[in-house]
Amino acid sequence: MSDHPKPLPEISDETRPFWDGTRNQQLVMQQCARCRHIRYPISRVCPECLEVGHEWVPLSGRGEVYSAIVFHQVYDKAFADDVPYNVSLVQLDEGPRMFSNVVGVPPSQVRVGDRVRVVFDPVTEEVTLPRFTPEDS
Amino acid sequence: MHSLKDRTAIIGVGATPQGKLPGSTQLSLAVDAFKAALDDSGLEKDDIDGLLTFPGTTAPEGPLNYLRVGEALGIDPAFTGSMAMGGGTAGALVQMAAMAVESGHATAVACVFGDAAKTGGSRFNRASGWGDSWGIWGMMGAAANSAVAASRHMALYGTTSEQLAEVAVACRRHASMNPNAVMRDPITIADHQASRFIVEPLHLLDCCLISDGGVCIIVTSAERAKDAKQPRVLISGMGQAYTTRTLEREDWWYVPHQKEALDRAYAMAGLGPQHIDVAQLYDNFTISVLLWLEHAGFCKPGESGPFVEGGRIQLGGELPVNTAGGNLSESYMEGWLHIVEGVRQLRGQGGERQVQGAETCLVTGRGMTLNCSNAMVLTKGEA
């Protein structure tokens, strides 16, 4: 492992519920109190209707690969030991999309349309990253 | 909307040598490009009363770049500013210049860019996304966003890496006819396939260069450009559009705003894809050219892969694209040289790579995390 630290989320009052959720093995996102839109990335207001009020709702953690790429180039030396690694844009069943990694399969075997489910990777005491793995694994 | 159709013209273009230029700085390149464009235009320095700049990646003063460039050139402008939209900046600034000229805020506006990105070590490796950056998952660098688009396009439409290679091969062939291009040795589809992966599905030869260089474009009224030193090139249509949302837009990867920008430019010009003789399409990565071809109506959505096969976008083909070599092979001037090449083609100054009888040129630009786009229809003004 490289001893160069990987980037970590900056946890703030606004984002803490998301990271508390992943630490507790749950993927949660903000749902607008007014129009019910589930939004991601995390933000102060609903980008559909600008309502501030929201609740953090648990998602199924299931979805499908919307786009899949494989990093061979090392842009940040913290990832030098990881290449080649997959990054996927994941379409969650409840509507939002997020970037993450599909793990548990060789990176170049991840295909657009593959069904995936969330897995939780504790990378520090405070931060557990949501990643994804094939649904049937 | 008040139409700017044929109201303004590009009267001067200039570029420095391109590539690796040790000892150059953002400022020295910007200044040299300005002098070259001024000379090309036949105007005097005191004629320039508007100054718009793009700080690039190496101007230490960032968005205050207009002050530094203005001081170096000894210009106290009536209208000025700097803007940063990556590869979308050049077109946005030229369009802003045209609006300033039309509204009387300035009579001749110099749009200036310099960047010592190669010798300055710019890596273009920033993670995209705000706040909880995508970098957490190792999603970083400019190539990744275009790789997302390529992966999706391939899955939906069966587009192949060999079809992407057609774009790289065409740009390189055109660069081989451009004395100021950085990469001039012809390549084949096999060379493209053999080049290493950067972010799969993109190979090294799907990616643009990183270059030092400067470019300047001077805009004035169509009337004033009439009896100028150079043949007149009119801005007949212009349009812009932006998708600031990324994950929240299901079709973000497909850069739908590009079509809006193009439709606006076509509508203003009263022209369509069937009228375009030559196109300079922003090519940070090969996939970008495919998406532009679809949005610009040269082929249907999903059909750009087969469209580029068989040399159709090469000189001598149905639609010559990036006739100077583009960002992929001429130099990575973030789209500034695309406008310069459009002007040169319409003036008939393309030399070995001239598209015979070219009277209309489509020029596009796109920047940031696939967010910013613009398009212009340039036409040959009557003598």
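The paragraphs below lead through a predicted model, beginning with the overall form of chain B and ending with single residues.

Chain B holds 11 helices and 11 strands. Its radius of gyration is 19 Å, close to the 21 Å that the globule rule gives for 383 residues, so chain B is as compact as a globular protein of that length. Measured out along the principal axes, which is to say as computed spans, the C-alpha trace of chain B covers about 55 × 45 × 40 Å. Of the 383 residues in chain B, 64% are buried, and among the contacts in this chain with a separation of 6 or more, 76% are between residues 24 or more positions apart. The area that chain B exposes is about 13,300 Å², with 52% of it supplied by carbon and sulfur atoms. As for charge, chain B carries 29 positive and 40 negative charges, and the mean positions of these two sets are 0 Å apart.

Within chain B, strand S4 (residues 108-116) is a useful place to look at burial. Nine of its nine residues are buried, so strand S4 of chain B is largely enclosed by the rest of the structure. In a regular strand the side chains alternate between the two faces of the sheet. In S4(B) both faces are covered, with Ala108(B), Ala110(B), Val112(B), Gly114(B) and Ala116(B) buried on one side, and Val109(B), Cys111(B), Phe113(B) and Asp115(B) buried on the other. The pairing of this strand can be followed through its bridges. Strand S2 (residues 50-54) of chain B runs parallel to S4(B) and is joined to it by five bridges, with Leu52(B) having Cys111(B) as its bridge partner in S4(B). Strand S7 (residues 212-221) of chain B, by contrast, pairs with S4(B) in the antiparallel sense over nine bridges, and here Gly114(B) has Gly214(B) as its bridge partner in S7(B).

The chain continues from S7 into a loop that leads to strand S8 (233-242) of chain B, and Ala222(B) has its place in that loop. With a relative accessibility of 6%, Ala222(B) counts as buried, because the cut-off for burial is under 20%. Apart from neighbours within four places in sequence, Ala222(B) is in contact with Asp6(B), Arg7(B), Thr8(B), Ala9(B), Arg232(B) and Leu234(B). From C-alpha to C-alpha, Ala222(B) is 8.6 Å from Gly381(B), although 159 residues separate the two in sequence.

Another buried position is Gln280(B), which lies in strand S9 (residues 278-280) of chain B and has a relative accessibility of 2%. Its contacts, leaving aside neighbours within four places in sequence, include Asn322(B), His338(B), Glu341(B), Cys361(B) and Thr364(B). Helix H8 (residues 286-295) of chain B has 10 of its 10 residues buried, so this helix is largely enclosed by the rest of the structure. Among the buried residues of H8(B) are Trp292(B), Glu294(B) and His295(B). H8(B) is followed by Gly297(B), which has a positive phi, near 85°.

Chain A offers a sheet of its own, an open one in which three strands stand in the order S2-S1-S3 with antiparallel pairing. Strand S2 (38-39) and strand S3 (54-58) of chain A are at the edges, each with a single partner strand, so one side of each is left without a neighbour in the sheet. Strand S1 (residues 28-32) of chain A is joined to S3(A) by five bridges, and Val28(A) has Pro58(A) as its bridge partner in S3(A).

Key: Residues are numbered from 1 along each chain as its sequence is written. Chains are lettered from A and ligands numbered from 1 in the order in which they are written. This is a predicted model: local features need pLDDT of at least 70, side-chain atom pairs count only at pLDDT 80 or more; totals for chains, interfaces and linings use all residues. Side-chain values use heavy atoms; hydrogens and water are left out. Helices (H or I, at least four residues) and strands (E, at least two) are DSSP runs, numbered from the N terminus. The radius of gyration is taken over C-alpha atoms; the globule rule is 2.2 Å times the number of residues to the power 0.38. Buried means under 20% relative accessible area, exposed over 50%, partly exposed in between (1.4 Å probe, protein chains only). Contact means heavy atoms within 4.5 Å. Accessible areas come from the Shrake-Rupley method with a 1.4 Å probe; for residues, only the protein chains shown count as cover. Lys and Arg count as positive and Asp and Glu as negative; His and the chain ends are not counted. The place of a charge is taken as NZ of Lys, CZ of Arg, CG of Asp or CD of Glu. Two strands pair if DSSP finds at least two bridges between them.
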